[in-house]
Amino acid sequence: MRLWQKVFLTTLALVTLAVNLISFIILQNNHRSLLNLAKENASQAYSSIVSDIKQTLASTKSDRAVHLLVQNQVMALLPELVDSLQTEVAKIQVDPLDGKFYSVSQMKEEEKSFETVFISEESNSYIQTSSFIFIEGQPYRLSVQYDISQVVASINSDITYVQYAGSIMSIIVAGVLLFVIQLLMKRLKNINVVTTAIAEGGYHKRLAISGHDELAELAENMNRMASQIEKNIGQLEDVAENRKVFIANMTHEIKTPLTSIVGFADILKIKPEITEDERREYASIIGVEANRLKVLSTRLMELISINNVPLQLERVRIDNIIHDVMKSLSPIFELRQLTLRGNFKPLELMMDKALFTSLLYNILDNAIKASESGESININVKEQESHAIITIEDHGVGIPEAQVRHVTEAFYMMDVSRTKKEGGAGIGLSLSKAIVEAHHGKIHINSREGLGTCVALVFPIAHKKGDAE
């Protein structure tokens, strides 16, 4: 049984029960009042008949000028007297009691009892009142049947009317209830249709929200849930796609140097005659490719471990780290005939010194590879709104606008031949981004092809200090 059927049948049963119960209580009170009134009328009629009988007998004795009527005379008068007192609603019967009694105490209990009973005969109903009366010193039982057929007919008519009215009211209530339930169920049905579509993969589906009731709240919550599911699914798909690309690129990057190493190793092993120059050339190629594998594995380990290993944070001045990095890279700058310029404000950051040093090495390494002899690379550190901004700018080949947003993806290489020639593997900026985010910072890359690239690193300052002495 469906929900709307359960709600409909349960509500209809409760409403019908309530209507019938209220009607029954009202009818009971009304019928009790009618019967009590009829009983009072019967009692009054009984008292009136007793009074009329006594007055008639008194008039008869006065007319006959006697003080007492004997029983035969009374029995002769009673039939005519009863006929004269009977009406359409009151039937009278007077019967003498056996034996002679001169006081009530001599009578049996059942003979002196006063009884009021209800009698139903076919289509007629009566209230019968019975008791004894003394007539000329002799006890008689007087029974008066008071007709209450009209009262009973009225009661039956009320019952029939209530039954019909209750049935009609139940039908009306059922119709209204069915309409309301169907109206409510239509909204639930729409919710069910949309949630089914979402469950089958239609995460873009949304429910129409109308009103301010519980169903509207449910629809709003379902929409919020669907949005979150769609967002999470999108993120999972992106992660899955990125992992797929990452693994494919990693496999390709590892396969290429391994192929070279195995190939030239086989040449050294198989070639029967090999000159010293050839041996040196082949060994040099094997060394370069092995070194590239070493760099690649190191970078991969750093990239994987950043989010899994707690940072060893300490308060460090940025200018000190930059001076150390510049000192380490000075031979490369001299070899490439590049100029390194800097303007550093002595700001302090909470950093993992080893990772932060790796971050600066990676970005400067990319700047060096992108620059030609005679060009310059600039490093600046400034403070802005409680943040330290480190900019590293070169004037090299630059990055095409369409590729800027991809350069922080693992293994992405803008110019594959140039990158491999420089010994790169496309992980440097991806690793840099991971390090920046691990330090709660942001990285911004602005570049124009042929004009150079500017990388801006933004970090919250640990402690503000004045200018260096």
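1. Burial comes first: in this predicted model, 35% of the 469 residues of the protein chain count as buried. The accessible surface of the chain comes to about 29000 Å², and carbon and sulfur atoms contribute 55% of that area.

2. On to the fold as a whole. You will find ten helices and eleven strands in the protein chain. Among contacts with a separation of 6 or more, 67% join residues 24 or more positions apart.

3. A good place to rest your eye is the open sheet of five strands, which runs in the order β6-β8-β9-β11-β10 with mixed pairing. The edges belong to β6 (339-344) and β10 (442-448); each has a single partner strand, so one side of each has no neighbour in the sheet. On average, neighbouring strands here are turned by 15° against each other, direction ignored.

4. Within that sheet, have a look at how β8 (residues 376-384) meets β9 (residues 387-394): the two pair in the antiparallel sense over eight bridges. If you want one pair to locate on screen, Ile 379 has Ile 392 in β9 as its bridge partner.

5. Now for the helices on the sheet. Helix α7 (residues 318-336) packs there and touches β6, β8 and β9. The direction of α7 makes about 175° with that of β6.

6. Which strands does helix α8 touch as it packs on the sheet? Helix α8 (residues 353-370) touches β6, β8, β9 and β11 (452-460), and its direction makes about 25° with that of β9.

How values were computed
Residues numbered from 1 in each chain as written. Predicted model: local features only at pLDDT ≥ 70, side-chain atom pairs only at ≥ 80, totals over all residues. Heavy atoms only, no water. Helix = DSSP H or I, 4+ residues; strand = E, 2+ residues; numbered from the N terminus. Buried < 20%, exposed > 50% of the residue type's maximum accessible area, 1.4 Å probe, protein only. Contact = heavy atoms within 4.5 Å. Areas by Shrake-Rupley, 256 points an atom, 1.4 Å probe, with all protein chains shown as cover. Pairing = 2+ DSSP bridges. Axes fitted to C-alpha atoms, helices over the stretch in contact; angles between N-to-C directions.
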